[in-house]
Amino acid sequence: MKTNRTISILFFLLMVMMPLNLYLIFKVAPTERIMGDVQRIFYLHVSLASGAFLAFTCTFVSSILFLWKKNLVWDSAASAAAETGLLFATLVLVTGSLWARPIWNVWWTWDPRLLTVLILWFIYVGYFLLRGGIADRFKKAQYSAVIGIIGYIDIPVIRYATKWWKSIHPLLSREGGGLNPVMKNVMFFSLATFLVLTVFLFLFRFRLARIEERLQKLKKLTED
Amino acid sequence: MKFMGSAIAILRKDILLELRGKESLSLMLFLSLLLLVIFNFALDTGKENVSSLAPGILWVVFTFSGILGMGRTSMAERDEDAYLSIVFSPASAESFYIGKVLSNLLFLVIMEMFTLLFFAILYDFEKIIGMLPQLLPGLLLGTLGFSLVGTLFSFLTTASRYGEVLLPFLYLPVVVPIILGGVSSMDIILNGKAGGAGKWIQIMAVFDVLYFAVSLLLFRYIIEE
Amino acid sequence: MNIIELRGVRKQYHAKTALGGIDMYVRRGECITLFGPNGAGKTTLLKIISGIMSPTEGRLLYNDKPYSESDIKKDAFYLGHRTSLYTALTVMENMDFIRRLFSLNHRRQVEDILRGHGLWERRNDPVNELSQGMKRRLALAKGFIMSPEIFILDEPFTGLDHRWRSAILAKINDIKKQGKSVLISTHLVEEGHRLADRVAFLHRGRFLFIRDREEVDTAEIYGLFDSMGELAG
């Protein structure tokens, strides 16, 4: 029941960190000179992206561990992390779009970073489509682990390819200059908050998956 | 060379299967032709545009015909659980994979050559045939990448309830670097754009090496139930 | 000596237990016949023993080594409900493919096997033009090119008429004489019983018994099938 306690601790931590983070973003961080208030979404956007990346890394590692150890716990971990990652990646795209509208004057732009996140998003949607298509628990775990690994190693290649591809096209402005020290600190705090949130959501989802599995087993026992 | 022996046996069997069943290659060729006709309606392919549109049209056709063909060859293995005769043989999972990569590569290259020919005829663009030697490195590296990923993924998706239908959803995002590399390198060579095709050839080569290594390790897991 | 050993093997499909705690062993050179009604878990068990399916729990040993470190698949011949044939290829092409995979150079041997299974006349016909019974025979014939250590046959007699049943029975007896192990699942009580060194009855994923042939008579097996409302052959 170590997981339960960790989840509770993280929950209380978030109860403090989340409001504080919002306070810092909206009240403490100075308004950016050129972009104005819209720039504040940036603290969330970057933090969400880091969270997504952490989650997908966790899927990658858990997938390898599953293929190695053949223990379904690792599959539950991999899919819980992928779910968290997919949620965050979706929010990254949404917040990015909201920010790009006033700043770049477009909802979407084929920026290499955006493109990488979008393609990642597709890969992990595919991951869940595949899981939905396989009934056997073990086979599902085995096959999706393959996607969890293949999808992840694609990230750097996609990143480079999209960057080079972009370089032939006119490059849109990079996001506004350097951050001042206060902005930097707010950013660090926001990052920390969202990394805790990632771990929390992951553990929460992971525990739920374990409970579901135990329930299945119990159901079975009562039937026998 | 027992390792390559099994891979060659699989390649040989797939060629035979294609000659007998005509299930994969002929469908690919039909789809290529059809897509080229559709593109003609969808885009303004006048004399002055053809050259700049060619890379995009061709690689989209290669991609989609490829998905169709690789899905079919994997279905042929799943049919009647035919692939089990390879599983229960001295052939290793690795040589199984390599054999399938080779046969998919062969069919894809044939499809691409025909597509180029159709393109030259339908779009009155003979230049592309003349430039084939320069285009070939990019074409082959890209196609190898298609085959490396497609062989793994088509075998994986055909085991699911959705069958081949699922293949594009997993395959397309992963091969984005290949499509980018293929289109860009062809564009540079064909239209003399700046930038040099070299780095695109490079990224496709890196992709191929990476996916060859990883798929070789992972293929054994998808021939288990 | 035990060639295969299973300890506490369980298999769980989504919400259904296909196998619940199977312990068994297979001795080198013995034949075990699995009886049981449809859905008892025979196919699942044979798939797990052959190594193409992983159990949810439990340990599997081949020659005292865990499956993950052994090459059971290289030493086994598995014939499932499906024939594992390339239906667009001809009989001969299918056999040739297997021969090449096993890097065997004796075409003669393939020809003899085809004759022995009554397939020689049809050697140049595509498999999808063969009758169901012939397909089964061809599928089994493949096993004889491979000369594996262990034959795993899931309902090998389905679709075969009486004459071919006896022919296949004789073949399986030959295999046994060569010291190979055989695992068979079947509904044919007489044939299965005659072949077996040991007889097992599987019901709802568990063994009702697994005993030496002498200790089980066919009447008992018929009785069990009857009580489960299933027709035995």
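Which residue of E7(C) is the bridge partner of Phe77(C)? In this predicted model, that partner is Phe151(C). Let's start from that pair and work outwards, then hop over to chain B.

**The sheet in chain C**

The two strands around this pair, E6(C) and E7(C), run parallel and are joined by 4 bridges. They belong to an open sheet of 6 strands with mixed pairing, and the order across chain C reads E6-E7-E8-E3-E9-E10. Going from one strand to the next, the twist averages 10°. E6(C) and E10(C) each have a single partner strand, so they stand at the edges, with one side of each left without a neighbour in the sheet. There is also a helix to look at here: H5(C) lies across E6 and E7 of chain C, and its direction makes an angle of about 175° with E6(C).

Here are the elements of chain C whose residue ranges come up in this part:

| Element | Residues |
|---|---|
| E6(C) | 76–79 |
| E10(C) | 206–212 |
| E7(C) | 150–154 |
| H5(C) | 132–146 |

**Met131 and H7 in chain B**

Over in chain B, Met131(B) sits in the loop between helix H6 (127–130) and helix H7 (132–157). Is Met131(B) partly exposed or buried? It counts as partly exposed, because it has 14 C-beta neighbours inside 10 Å, and buried would take 20 or more. Leaving aside residues up to four places away in sequence, Met131(B) touches Ile189(B) and Leu190(B). As for Val50(B), which is 81 residues away along the chain, its C-alpha atom is separated from that of Met131(B) by 15 Å.

H7(B) itself is mostly covered, with 20 of its 26 residues buried. This helix isn't straight throughout, either: H7(B) bends by about 30° at Gly150(B).

**Where chain B meets chain A**

H7(B) turns up again at the contact between chains. That contact takes 26 residues from chain A and 28 residues from chain B. On the chain B side, the elements that give two or more residues are H7, H8 (167–174), H9 (176–191) and H10 (198–222). Which of these gives the largest share? That's H10(B), with 9 residues. As for the make-up of the side of chain B that touches chain A, its residues divide into 19 nonpolar, 5 polar and 4 charged.

Technical notes
Residues numbered from 1 in each chain as written. Chains lettered and ligands numbered in written order. Predicted model: local features only at pLDDT ≥ 70, side-chain atom pairs only at ≥ 80, totals over all residues. Buried ≥ 20, exposed ≤ 12 C-beta atoms within 10 Å, placed from the backbone. Contact = placed C-beta atoms within 7 Å. Nonpolar A, V, L, I, M, F, W, Y, C, P; charged D, E, K, R; others polar. Pairing = 2+ DSSP bridges. Axes fitted to C-alpha atoms, helices over the stretch in contact; angles between N-to-C directions. Bend = angle between axes of the 7 residues up to and from the residue.
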